[in-house]
Amino acid sequence: MKFFVLTLPVVVSLTLSFTALSAENIKVNELTEHQQWLKNKFNEQHNNLIPIVAVADILFACNNANNHAYGKYTLDALITEVSKERLAEKLESCLGGELVSSDTAINYGLLGCFHDQLDDLPEDEKVERMKLVKKAISSLSREERKKSFTQCVTDQSISYLK
């Protein structure tokens with residue numbers, strides 16, 4: 001009886017821990033199933049949207065760096081209102097002959113994408129965070145920047161699915 005009394009708190013603690021872990025696994029599985037459902041439902045639309053969002057991000061930041069020489073656009077307007085053809089034309093002009101795969105374009109893309117992610121912040125906080133983003137971009141390798149841009153655009157484009 002004494003042995004049982006001494007181990008009861010340990011058994012109860014382990015049982016509660018396993019229960020919590022099981023509940024957490026169920027949440028992860030449910031989330032995964034939901035994500036899979038979303039992927040199946042919106043996969044084609046998402047895949048079609050990714051290049052538009054990427055081009056819009058690059059153009060947005062390039063245009064801002066050139067003092068809106070190619071028009072005053074919000075990122076949302078570039079993604080939802082401007083045709084693919086017009087986006088491509090404006091981007092080609094803005095990049096001045098550089099390829100979309102250039103370091104300059106990747107850097108602009110990251111700036112545009114992070115601008116969108118930080119858009120809900122107060123202006124002073126957004127300015128400070130964008131300084132950190134620029135600093136981080138300068139310290140990343142080309143491969144890391146490409147990977148970051150791809151991930152950012154993939155996540156960003158989800159918010160534009162309808």
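Y73 sits in the loop that links α1 (2–65) to α2 (75–80). The model you are looking at is predicted, and this briefing visits that loop before turning to the pairing of α4 with α5. Along the way you will meet two lysines, K90 and K126, each joined to a partner by a polar contact between side chains.

**Y73 and its surroundings**

- With a relative accessibility of 27%, Y73 counts as partly exposed.
- Once neighbours within four places in sequence are set aside, the residues in contact with Y73 are F60, N63, L78, V82 and K90.
- K90 also makes a polar contact with Y73, side chain to side chain, at 3.2 Å.
- L59 lies 14 residues from Y73 in sequence, and their C-alpha atoms are 9.7 Å apart in space.

**Two other residues of the α1–α2 loop**

- N67 belongs to the loop between α1 and α2, and its phi is near 55 degrees, a positive value in a residue that is not glycine.
- N67 is exposed, as its relative accessible area is 66%.
- H68 is placed in the loop between α1 and α2 as well, with a positive phi near 60 degrees, again in a residue other than glycine.
- At 31% relative accessibility, H68 counts as partly exposed.

**How α4 and α5 pair up**

- Helix α4 covers residues 103–117 and helix α5 covers residues 123–139; their axes come within 10 Å and cross at roughly 150 degrees.
- Because angles over 145 degrees count as roughly antiparallel, α4 is roughly antiparallel to α5.
- The crossing of α4 past α5 is right-handed.
- On the α4 side, the residues that meet α5 are N107, L110, L111, F114 and H115, and on the α5 side their counterparts are K126, M130, V133, K134 and I137.
- Sorted by character, the residues of this contact comprise six nonpolar, two polar and two charged ones.

**A closer look at K126**

- K126 is part of helix α5 and is one of the residues there that meet α4.
- Is K126 buried or exposed? K126 is buried, with a relative accessible area of 8%.
- Leaving out residues up to four places away in sequence, K126 touches H115, L118, D119 and L121.
- D119 is also the polar partner of K126, since the two side chains are joined by a polar contact of 3.1 Å.
- H115, which K126 touches, is among the α4 residues that meet α5.

Terms used. Residues numbered from 1 in each chain as written. Predicted model: local features only at pLDDT ≥ 70, side-chain atom pairs only at ≥ 80, totals over all residues. Heavy atoms only, no water. Helix = DSSP H or I, 4+ residues; strand = E, 2+ residues; numbered from the N terminus. Buried < 20%, exposed > 50% of the residue type's maximum accessible area, 1.4 Å probe, protein only. Contact = heavy atoms within 4.5 Å. Polar contact = N/O pair within 3.5 Å; in protein donor to acceptor, adjacent residues only side chain to side chain. Axes fitted to C-alpha atoms, helices over the stretch in contact; angles between N-to-C directions. Parallel < 35°, antiparallel > 145°, perpendicular 65-115°, else oblique. Left-handed = near helix turned anticlockwise from the far one by under 90°. Nonpolar A, V, L, I, M, F, W, Y, C, P; charged D, E, K, R; others polar.
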